[in-house]
There are 2 protein chains.
Amino acid sequence: MNVLLVYAHPEPRSLNGALKDFSVARLEESGHTVQVSDLYAMNWKAPLDASDSVSPTIGERFDPSLDSKHAFENGLQSEDIALEQQKLLWADTVILQFPLWWFSMPAILKGWVERVYAYGFAYGVGEHSDARWGDRYGEGTLAGKRAMLIVTTGGWESHYGPRGINGPIDDILFPIHHGILYYPGFDVLPPFVTYQTGKMDEARYKTTCDTLGQRLDNLWTEPPIPFHPQNAGAYEIPALTLRDDIAPGKAGFAAHLG
Amino acid sequence: MNVLLVYAHPEPRSLNGALKDFSVARLEESGHTVQVSDLYAMNWKAPLDASDSVSPTIGERFDPSLDSKHAFENGLQSEDIALEQQKLLWADTVILQFPLWWFSMPAILKGWVERVYAYGFAYGVGEHSDARWGDRYGEGTLAGKRAMLIVTTGGWESHYGPRGINGPIDDILFPIHHGILYYPGFDVLPPFVTYQTGKMDEARYKTTCDTLGQRLDNLWTEPPIPFHPQNAGAYEIPALTLRDDIAPGKAGFAAHLG
């Protein structure tokens, strides 16, 4: 299988760097082919702007969506964007690995999402009708592929628990799991989260690698998070609210789990 | 009063650009002093890395937290970072204005948070003891100041409703409201969100400005979102979970509202 690991940490000799090297080695030992997009090493351009197309803006002013669509459809995208899209199409599984900074992904990785997820590639795909609202949330260009997050954080696991002060980790990651990965079609596996990174010693590192290794061994068999597909009946269209008989009485992110 | 508006959109002739200009004019008409950090116009460097300090890394390898602390404490921060910190200290109210891209802020603004929120400035502040877990979540360097988001999105309001497919807007913004703004001490006002930006016409734009103008007029009197302060008794320390008698039986982001 082909695995793309998109990695965002500025220091190779960090815990994240070690876990990245471990993951690549483990996957290759299992016979998989791995490509790594090491965003800091690539000096990835984070901000989405008009220079993401090699042609001038199509209107008088830059429109992030319409100019992205024009560049994608006409082969006018900046080369770094097109190369990452090719890697996504090549991959059977995509792993995003990063330290949780201010309760989300680092800016450089957010900029990878914004620029690589072109209109026509990751959004604006498929037809809108009374029965469908585009190919998204379970359908789309990347349907049939799997995705997983590998995340580190300095906080304690209890701080990210159901009643922890930071909010539950599943809710913090929902906008990434559901909004960035499930949206263009990925089946999303539960995340691999390492807490209290400041308290890492050799024994804990070994345990962490053992657990991560098992997760990587099971990439192709582990059941994904059971989000509801958008167009299969769980949502009213076009309001895109859950039908009354789905998770009745529930609201919030967790209501979208089947 | 002093207002800092941190603005992240690549096109000045956009809806966001118009709302930014409207906000600055309205605040100045009311007698306030406004500074704008227009991140795209400033060519703001998004990725946090070792060059954020003008000195070499203090250890053999770059440590995002410890090197940030050293640079902050010793006046060795990159000048762009120090300037933004000065603006934050100057401001009575801070507004972050941005289009919602992939259910969070644009990368360039996330990078502003990561780089400006230094160790010793926005986190790692205050003492840890049996009764306190640092000055954060309601206390900290920016306590006493107010903050508000101005956000635009192409999606419909129902898509961001309690049972909407994107998740409730309050939950999507919680990591910013609570994790980025309340964390270093801001009182956080309810956000100003404009939906369906693709369907904006003159009449809707006028209504939008009228409503936004009223929000700006009430910046100093509107009640903030009632998050629980960390160190005032609502949380067990050090687990940092809500005490059993606070929001009993509730879990998730909404449990942290008083």
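**Exercise 1. By what turn and what shift along the axis can chain B be laid on chain A?**

Solution. The model is predicted: local features need pLDDT of at least 70, side-chain atom pairs count only at pLDDT 80 or more, and totals for chains, interfaces and linings use all residues. Residues are numbered from 1 along each chain as its sequence is written, chains are lettered from A, and side-chain values use heavy atoms, without hydrogens and water.

Step 1. Superpose by least squares on C-alpha atoms of residues with pLDDT of at least 70 in both copies.
Step 2. Read the operation: a turn of 180° and a shift of 0.0 Å along the axis, with an RMSD of 0.0 Å.
Step 3. The two copies are therefore related as by a two-fold rotation axis.
Step 4. Locate the axis: in chain B, the C-alpha of B:A107 is nearest, 2.3 Å from it.
Step 5. Check the contact surface (heavy atoms within 4.5 Å): 100% of the contact residues of chain B recur in chain A.

**Exercise 2. Describe the surroundings of B:E84.**

Solution.
Step 1. Place B:E84: helix α3 of chain B, residues 79–90. Helices are DSSP runs (H or I, at least four residues).
Step 2. B:E84 has a relative accessible area of 2%, so this residue is buried (under 20%, 1.4 Å probe, protein chains only).
Step 3. List the contacts, leaving out residues up to four places away in sequence: B:S37, B:M42, B:W44, B:W112 and B:V116.
Step 4. The side chains of B:E84 and B:S37 also make a polar contact at 2.8 Å (N or O atoms within 3.5 Å, one able to donate a hydrogen and the other to accept it; residues adjacent in sequence count only if both atoms are side-chain atoms).

How values were computed:
Helices (H or I, at least four residues) and strands (E, at least two) are DSSP runs, numbered from the N terminus. Buried means under 20% relative accessible area, exposed over 50%, partly exposed in between (1.4 Å probe, protein chains only).
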